[in-house]
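Okay, everyone, thanks for coming. I'll put the chain up on the screen and then walk you around it.

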Amino acid sequence: IPACVRSFLKHDDFSGKTVIPFCTSGGRSIDQSESSLKNLADSGNWIAGSRLNNDISEEEIQEWINGLN
């Protein structure tokens, strides 16, 4: 995780906010990064994120957004 992202997560207050991590590249799942991000933030309502393929359509993105709880 880049230093600027770590710093942002450590110093911002995510209390009362919903955070939905996602990535658009990489060959592995988002699980490990998601866990690290959540631990660095230490606050907020974290919803499971997703790795979105680079060829995802706008319709598929909208379906993913609509399916978030």
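Let's start with Asp55, which you'll find in the loop between strand S4, residues 50-51, and helix H3, residues 58-66. Before I go on, keep in mind that this is a predicted model. So is Asp55 buried or exposed? It's exposed, because its relative accessibility comes out at 62%, and the cut-off for that label is over 50%. Asp55 also has company: together with Glu59, Glu60 and Glu63 it forms a negative surface patch.

Okay, zooming out for a second. What's the order of helices and strands along the chain? Reading along the sequence, you get α-β-β-α-β-β-α, so to speak three helices and four strands. If you box up the C-alpha atoms along the principal axes, you need roughly 35 × 25 × 15 Å. And out of the 69 residues in the chain, 19% are buried.

Now the middle helix in that pattern, H2, which runs over residues 31-41. Which residues of H2 are buried? Those are Glu34, Leu37 and Ala41. They sit on the same side of H2, because the arc they cover around the axis is only 65°. Flip to the other side of H2 and you hit exposed residues: Asp31, Gln32 and Asn39. And yes, one of the buried ones is a glutamate, Glu34.

Let's look at what comes right after H2. Asp42 is in the loop between H2 and strand S3, residues 45-46. For the torsion fans: Asp42 has a positive phi of about 60°, and it's not a glycine. Asp42 counts as exposed, because its relative accessibility is 68%.

On the other end of H2 there's Ser29, in the loop that links strand S2, residues 22-23, to H2. Ser29 is partly exposed, with a relative accessible area of 49%, so it falls under the exposed cut-off of over 50%. Where does Ser29 lie relative to Gly49? The two are 20 residues apart in sequence, and their C-alpha atoms are 9.8 Å apart in space.

There's another pair like that. Ser15 is in the loop between helix H1, residues 3-11, and strand S1, residues 18-19. Its partner here is Asn45: they're 30 residues apart in sequence and 7.5 Å apart C-alpha to C-alpha. Ser15 itself counts as partly exposed, at 47% relative accessibility.

Last stop, electrostatics. How many salt bridges does the structure hold? One. That bridge is between Asp12 and Lys17, with the closest N and O atoms 3.9 Å apart. It counts because the limit is within 4 Å. Both ends are partly exposed: Asp12 comes in at 30% relative accessibility, and Lys17 has a relative accessible area of 39%.

So, to go back over it: a negative patch made of Asp55, Glu59, Glu60 and Glu63, an H2 with Glu34, Leu37 and Ala41 buried and Asp31, Gln32 and Asn39 exposed on the other side, and a salt bridge from Asp12 to Lys17. That's my tour, thanks for listening.

Definitions and conventions. Residues are numbered from 1 along each chain as its sequence is written. This is a predicted model: local features need pLDDT of at least 70, side-chain atom pairs count only at pLDDT 80 or more; totals for chains, interfaces and linings use all residues. Side-chain values use heavy atoms; hydrogens and water are left out. Patches are made of residues with over 30% relative accessible area and no salt bridge: like charges are joined within 9 Å, nonpolar side chains (Val, Leu, Ile, Met, Phe, Trp, Tyr) within 5 Å. Accessible areas come from the Shrake-Rupley method with a 1.4 Å probe; for residues, only the protein chains shown count as cover. A salt bridge is a side-chain nitrogen of Lys or Arg within 4 Å of a carboxyl oxygen of Asp or Glu. Lys and Arg count as positive and Asp and Glu as negative; His and the chain ends are not counted. The place of a charge is taken as NZ of Lys, CZ of Arg, CG of Asp or CD of Glu. Helices (H or I, at least four residues) and strands (E, at least two) are DSSP runs, numbered from the N terminus. Buried means under 20% relative accessible area, exposed over 50%, partly exposed in between (1.4 Å probe, protein chains only). The arc is that of the directions from the helix axis to the C-beta atoms.
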